[in-house]
Amino acid sequence: MKASQESDGESEAEEPSRARMPTAHDLETNALAHLAGPVRAWFEAMFPNGPTPAQRLAWPPIASGENVLLVAPTGTGKTLAAFLSLIDRLHREHADGTLMPGLRCVYVSPLRSLGYDIERNLSGPLEAIRRRTGDETSPISIAVRTGDTSAYERRKQREEPPHLLITTPESLSLLLSQEAWHEGWRSVRHIVVDEVHALVPNKRGADLAVSLERLSARAARDPQRIGLSATCRPAETVARLLTGPSRTCQIVEAPAPEGAPALELRVEALVKADEGGHRGLMYRRLLRRLAQTFAENRTTVVFANTRAFTEKLTHDLRRGLEEHADEVAAHHSALNAERRRHVEASLKGGRLRAVVTSTSLELGVDIGTADLTVQVGLPGGVSRCLQRVGRSGHRVDAASRGLLLAATPAELAGAVVTANAARAGEVEPLRPISAPLDVVCQQLIGMACGGEWSADEAFDLICRAEPMAGLRRADFDDCLASLAGELSAPAGAYEPEAGWALRWSAPRLWKRQGRFGLQGRRVARWFWSNVGTITSEESVRVFVDGVMIGTLEGAYAERLQAGDRFVLDGRSLEFRRLEGLIVHARASEGESALPRWSSDRQGLTKELALSLARFRECAAGLLAEGPGRLETWLGTTHGLDRDATEVLTQLFEGQERFSEVPRADVLLVEESPLDDGYLYTFHAPLGYSACEALGRATAARLGRRFGRDLTLTVADLGWSLGLSDGARLSAEDLVPVFAAENFEDDVLEGLDRGDLLARRFRHVAATALMVLRNPERGRRKVGGLLWVSQRLYPLVKAACPEHPLLRETRREVLDDVLDTPAARDWLQSGPLLRFRALRALSPFAAAWVVPGEAEPIHFESPAEALKRLHARLLST
């Protein structure tokens, strides 16, 4: 990687004392020199104050053809920084009479909505430049290709490719698999990837990185790659995802424009001292506070973290606002795409007073008029917090303003730490994903859709992508063997009807003499219907009066009875019937239940968890000097009002009175009685993912010792285990429980005693196309993939324990879902173990750990459990 470009624009020289420092005018003039004719004239007329720092720093290397990663704050003109130089080049060719039809630039966005937003933001300048040139139509064509694109538009794009194609990772992979597009890639000269930092830690990024290598291999020459990113670290990790390990990349880290207002972020507590945190009371206060922000601001974006809570807030806010009810909208991934785009357009046009969203508006959709973002509960990470706050003040001269609302003492402490880190710009380092084997399988099928391949050439191409650089040839060969049906477990299967015997599908690929290809065009149709790595629970579509509103999870929809009411799009709906994968409903009034969606959990990052543990430790040290000392620190250093300081002071005083506030280098274990046993709460300075790894290992070790079932509850900063029927621990018993030896094996055993591995295998198998999320027309039904977890997973585990998809499932769970490396590292650091036997739950246990949902961890057979229950009944 090349060194990061200095944000103040200094030029390097061997004798700095003789080098003249460039002025802002020099930088602006040099940047504009890369634009010519009508493009420059349009820009100077539209932006009389000149280019932003992001544009000044990015245009020169982009114009020179270098690969560029532009890292800049939200609302600093990144879109024009990336595209204007490319548009200028195309206009010059048009003026010279050399502009030819065909693809020149491929823009990839992780969000469909962002792609449509970019189309709107580019269409305006192109039209304005057209008027300056006097052309009847713009010489530069632009089109969007996503899963929502009509058949007519798809055919038109294939026959007459646009100069600028806007797409998503999934649609790009699909297009690359179609022979009709192969020739079109030859003319591509530029690739732009937006919000590229969001792709680093997940399988979508790995999938896209391989697709970019496939695109580059089809192009006449290696296209220039341009990445756009919000503030991230380390930038080198993002640059490697963009370009791969073999190319250089100029990293441009641009500051905010001079004089730009600083970020404004406040923390408020909904809870007060001496209150028990009554949910109804806190919720009523939340509704009143949100209504107040709506009245004080033109447009407010509310982040509610989960889709269910988004629906509840939208529904209840509309009822409370009455005459302004139509000015409040919901936005999340389960709503119909057209509905989401309508909300985005209304938001940008200033026609909405508020939008409530889960996470779907975090990335760079332009929502222009929003001047405040409210985060209800904790965002989980500094990067996510900054991304959300950046949705407001989405103009160069406006401040990004955010408000964090905390409903519990634990949320309040977490909000203080999050806000401090966000103001300081302490963004968490990104954790890149490494060689996911289910993505390898899907890419091999996609490559075969376009023709026959040499296995050696395919392996070399895949390894050019940064996430796949560490792919072992043996793992690649196992993936290929699996797809060709050569392993003990079949290559794929489906269950025509619930309860029927499994029918194994034919192999996806043929393989012989070092080459492979597609096993029939039917497999290509399967690939086109199932492309992508986005995993979610099976869903059904909801229609009201013939109009699709959104989706519900199939498991939830199956439990609905005629007359049941639920909320979707902030509206109360009455369930009428379920036909196949379609829910028919009608508008209703009255109390309605909230749908349940999986995979909405957001825990603290390990960096924020450690900061919170240190915050608690520091607070305890100040409390030792007197409550007044702590209250002063909370008020002056952290900007909390009197009510909030009293809430936290009371929390820390209570914990010190009943137990102790653990230091960041301590593992505090608290024992408290249950009706039929004891609850052990473990306090550790770790985020949810690492705590779950430790909780699973602890459960496995204690389950083996006692030989009976137990319950596990996981949270940020700790976990708890429930033991019954006389099982009890002492401080001495706990020492071997936290040995670092064989830690991963015990985590896996703890996972096997639950259902997480089986559930994740369902997603891995679907990504690898071992099973089909969307089978051929007419075959899909609710619950169609449940058998993958319940029946296929144990079958594959028994027949082929080292199947590549089982290995990928274990890797994904240990490293991506859980944070096993962080948990192991913490154990190896040798934390001090402290044990407290208490008469009841401590305030920290009640605030942080116990409110979570307990999961049974099974170590007994049904017969053993029944025998133990019988013995207990006889003894009473």
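This section describes salt bridges, nonpolar cores and unusual backbone geometry in a predicted model.

Side chains of opposite charge can pair when their charged atoms come close. In the predicted model, 57 salt bridges are found. One of these joins Arg 40 to Glu 44, with a separation of 3.2 Å between the closest N and O atoms. Both residues belong to helix α2, which spans residues 37–46, and because they are four residues apart in that helix, about one helical turn separates them. Neither partner reaches the exposed class: Arg 40 is partly exposed, with a relative accessibility of 27%, and Glu 44 is likewise partly exposed, with a relative accessible area of 37%.

A salt bridge with a similar position in its helix is formed by Arg 696 and Glu 692, both of which lie in helix α23 (residues 688–706), four residues apart and thus about one turn of the helix from each other. The N to O distance for this pair is 3.0 Å. Here, however, both side chains belong to buried residues, Arg 696 having a relative accessible area of 2% and Glu 692 one of 5%. Helix α23 also contributes Arg 704, whose partner Asp 746 lies in helix α25 (residues 743–752), so that this pair links distant parts of the chain, 42 residues apart. The closest N and O atoms of Asp 746 and Arg 704 are 3.0 Å apart. The two ends of this salt bridge fall into separate accessibility classes, as Asp 746 is buried at 7% relative accessibility, whereas Arg 704 is partly exposed at 43%. Beyond such pairs, salt bridges that share partners connect Lys 203, Asp 438, Arg 760, Glu 808, Arg 811, Glu 812 and Asp 816 into one network.

The largest nonpolar core comprises 122 residues, and the members that touch the most others are Trp 185, Leu 444, Phe 476, Trp 719 and Phe 761. The element that gives the most to this core is helix α15 (residues 437–449), with nine residues. When neighbours within four places in sequence are set aside, the contacts of Phe 476 are Val 440, Leu 444, Ala 455, Ala 458, Phe 459, Ile 462 and Leu 471. Another core lies apart from the largest one and holds 63 residues, including Leu 321, Val 416, Trp 633 and Val 849.

Attention now turns to the backbone. Most residues other than glycine have a negative phi, and most peptide bonds are trans. Against this background, the peptide bond from Arg 233 to Pro 234 is cis, its omega being near -10 degrees, and Pro 234 is placed in the loop that runs between β6 (224–229) and α9 (235–243). Glu 195, a residue other than glycine, has a positive phi near 50 degrees and is located in the loop between β5 (190–193) and α8 (203–218). Despite its charged side chain type, Glu 195 is buried, with a relative accessible area of 6%. A positive phi is also found at Leu 717, where the value is about 70 degrees although the residue is not a glycine. Leu 717 occupies the loop between β26 (710–715) and β27 (718–724), and its relative accessibility of 0% places this residue in the buried class.

Notes. Residues numbered from 1 in each chain as written. Predicted model: local features only at pLDDT ≥ 70, side-chain atom pairs only at ≥ 80, totals over all residues. Heavy atoms only, no water. Salt bridge = Lys/Arg side-chain N within 4 Å of Asp/Glu carboxyl O. Helix = DSSP H or I, 4+ residues; strand = E, 2+ residues; numbered from the N terminus. Buried < 20%, exposed > 50% of the residue type's maximum accessible area, 1.4 Å probe, protein only. Core = buried A, V, L, I, M, F, W, Y, C linked by side-chain atoms within 4.5 Å. Contact = heavy atoms within 4.5 Å.
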